[in-house]
Amino acid sequence: MTCQTRKLSLPLIIAVTLMMAFGCSDDEPTSPNMPILSLSQDSLLFTAVAGGSNPPVQKVIVRNVGFGSITTEAISPTGWIAVTTLHGADADTILVTVWTGAVTAGTHIDSVEVRADETGNSPQFIKVTFSVYEAIDIEPASLVFSALSGSENPDTQYFEVINRGGGFMTYSAYKSASWLTLTKTTGNAPDTV
């Protein structure tokens, strides 16, 4: 048995992948043979109640994804953000704390600057958003009425609407039973209903 070989002229497709590293800097471009600063995340969100405790500390991991070694430094910009840098063998950790007592109710935004002067893409920034909510409280927390069937209504009772967070706070009050009456359903705290 004889085999014959035929030449086929089919196009061959070869996949080629080109990987490049780019950096941004006002002063110098990032070379693929130099250190490159990388953050595990570039934004953090904290929430708290005004006048309450500080929210838990959050962390950002800083790595060199290029060549060589780097020394990182984190700089907090305002009185309500504090940073601590923990230097490790393979990566650094930036601990970010926000202070509830240093702000009023509302949304506060600022950035932590992360520098590594050996890199061409330094500085990098971590956006910090801190949402502080007003704290409402009611005193007393419950009211008890008693009366004899068919007799007069019991005396009116009151509760205080208290703003524990400071600042300006409006409130709305709702009743769930037809036998209740509220003297007011909206107002500004502190107030009496």
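**Exercise 1. A bridge and its sheet**

Task: In this predicted model, determine which residue of S13 is the bridge partner of Val-161, and place the two strands concerned in their sheet.

Solution.
Step 1. The bridge partner of Val-161 is Asp-191, which lies in S13.
Step 2. Val-161 falls within strand S10, residues 160-163. Strands S10 and S13 are joined by two bridges, and their pairing is antiparallel.
Step 3. The sheet that holds these strands is open, consists of three strands and follows the order S9-S10-S13, with antiparallel pairing.
Step 4. Its edges are formed by strand S9 (136-139) and strand S13 (191-192), each of which pairs on one side only.

**Exercise 2. The pairings of S8**

Task: State in which sense, parallel or antiparallel, S8 pairs with S2 and with S7, and give a bridge pair or facing pair for each.

Solution.
Step 1. Strand S2 (residues 43-49) runs parallel to S8, and seven bridges connect them. One partnership links Phe-46 to Phe-130 in S8.
Step 2. S7 and S8 pair in the antiparallel sense, with nine bridges between them. Here Gly-106 stands opposite Val-132 of S8.

**Exercise 3. The setting of Thr-119**

Task: Locate Thr-119 in the chain, decide whether Thr-119 is buried or exposed, and list its surroundings.

Solution.
Step 1. Thr-119 belongs to the loop that lies between strand S7 (106-115) and strand S8 (124-133).
Step 2. The relative accessible area of Thr-119 is 5%. A residue counts as buried under 20%, and therefore Thr-119 is buried.
Step 3. When residues up to four places away in sequence are not counted, Thr-119 touches Met-34, Pro-35, Ile-36, Leu-37 and Ile-70.
Step 4. Within its own loop region, the side chain of Thr-119 reaches the backbone nitrogen of Ser-122 at 3.4 Å. A polar contact requires N or O atoms within 3.5 Å.

**Exercise 4. The chain as a whole**

Task: Establish how many helices and strands the protein chain contains, and describe its burial, contacts and surface.

Solution.
Step 1. The protein chain has zero helices and 13 strands. Read from the N terminus, its elements are accordingly an unbroken series of β entries.
Step 2. The chain comprises 193 residues, of which 28% count as buried.
Step 3. Consider contacts between residues at least 6 apart in sequence: 58% of these join residues at least 24 apart.
Step 4. The exposed area of the protein chain is about 13,700 Å², and carbon and sulfur atoms supply 53% of that area.

Technical notes: Residues numbered from 1 in each chain as written. Predicted model: local features only at pLDDT ≥ 70, side-chain atom pairs only at ≥ 80, totals over all residues. Heavy atoms only, no water. Pairing = 2+ DSSP bridges. Helix = DSSP H or I, 4+ residues; strand = E, 2+ residues; numbered from the N terminus. Buried < 20%, exposed > 50% of the residue type's maximum accessible area, 1.4 Å probe, protein only. Polar contact = N/O pair within 3.5 Å; in protein donor to acceptor, adjacent residues only side chain to side chain. Contact = heavy atoms within 4.5 Å. Areas by Shrake-Rupley, 256 points an atom, 1.4 Å probe, with all protein chains shown as cover.
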